Amino acid sequence: MSFTDAQKFWDARFNTEEFIFGTEPNEFLKEATLKYLSGDLNVLCVADGEGRNSVYLAKQGFKVKAFDLSPVAVEKSKKLALKNNVNIGFFVSDCDSWKWKEDCYDAIAAIFIQFADPNMRARLFKHMISSLKPGGILIIQGYTPKQIEHKTGGPGKIENLYTKSMMIELLGGLKILELTEHEGELREGNHHIGMSALMDVVAIKPI
Ligand SMILES: C[S@@+](CC[C@H](N)C(=O)[O-])C[C@H]1O[C@@H](n2cnc3c(N)ncnc32)[C@H](O)[C@@H]1O
């Protein structure tokens, strides 16, 4: 899909009053945050959608930046941040044109970013890893190939879904703290709903 087509596709999805992935943070992100993140941290949310995850992280007291391809989603994020009284740096950007800086973030959240096909995914993971500070934490949740059977969310493209061996390769250079495949119920708005085949990942950049 070209950049313009992808933007049109996601804008059309988000162009409704309701928050299609809900306003509550992703449960795994919440758990990992409570377990691994504390202090005065700079956090980046990749493809943050309507802001549920960046708003949660800002409410924990972190300095948060977030970007997404969809201007419609970013406008909704700004409203959610205002409602929750938090300041977040929101940007409209696709992951290839985001100004990635080396050794910049204490943590990066990449929750359901499986719009990325294998080539884009390889570039994106390389960027995320180099953009983490030494000691920085990468938190990822995505779907495994079994999700094709559940049909309860996700891109429906098997090549975009995560396997453990793929994840180990993508995370080369980081120390993996958690890498778990499991099935469980998601209740995230009306787009991630029902039994789902998930992969939870936490990794740290060595100091
Ligand atoms: C499944 S949604 C997940 C949103 C958010 N991470 C969440 O968990 O609520 C995928 C998001 O990726 C964004 N997106 C799609 N292609 C993108 C790209 N190339 N660069 C950046 N964001 C993209 C979409 O606009 C959408 O918000």
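**Exercise 1. Which atoms of R52, A47 and I111 lie 2.7 Å or 2.8 Å from the ligand?**

Step 1. Start with R52: a polar side-chain atom of R52 lies 2.7 Å from an oxygen atom of the ligand. A polar contact is a pair of N or O atoms within 3.5 Å; within protein, one must be able to donate a hydrogen and the other to accept it, and residues adjacent in sequence count only if both atoms are side-chain atoms.

Step 2. For A47, a backbone N or O atom is 2.7 Å from a nitrogen atom of the ligand. For I111, a backbone N or O atom is 2.8 Å from a nitrogen atom of the ligand.

Step 3. There are 18 residues around the ligand (a heavy atom within 4 Å). A47, R52, D68, C95 and I111 come nearest.

The model is predicted: local features need pLDDT of at least 70, side-chain atom pairs count only at pLDDT 80 or more, and totals for chains, interfaces and linings use all residues. Numbering runs from 1 along each chain as its sequence is written, and side-chain values use heavy atoms, without hydrogens and water.

**Exercise 2. Describe how α2 and α3 pack.**

Step 1. Locate the helices (DSSP runs of H or I, at least four residues, numbered from the N terminus). Helix α2 covers residues 27–36 and helix α3 residues 52–59.

Step 2. Their angle is about 25°, and their axes are 11 Å apart. Axes are lines fitted to C-alpha atoms over the stretch in contact, with angles from 0 to 180 degrees between N-to-C directions.

Step 3. α2 and α3 are therefore roughly parallel (angles under 35 degrees).

Step 4. L29, K30, T33 and L34 of α2 meet N53, Y56 and L57 of α3 (heavy atoms within 4.5 Å).

**Exercise 3. What is the angle between α1 and α4, and which residues meet?**

Step 1. Helix α1 (residues 3–14) and helix α4 (residues 71–83) pack at about 40°, with axes 7 Å apart.

Step 2. α1 and α4 are therefore oblique to each other.

Step 3. Q7, D11 and F14 in α1 meet P71, V72, A73 and K76 in α4.

Terms used. Helices (H or I, at least four residues) and strands (E, at least two) are DSSP runs, numbered from the N terminus. Angles under 35 degrees count as roughly parallel, over 145 as roughly antiparallel, 65 to 115 as roughly perpendicular and the rest as oblique.
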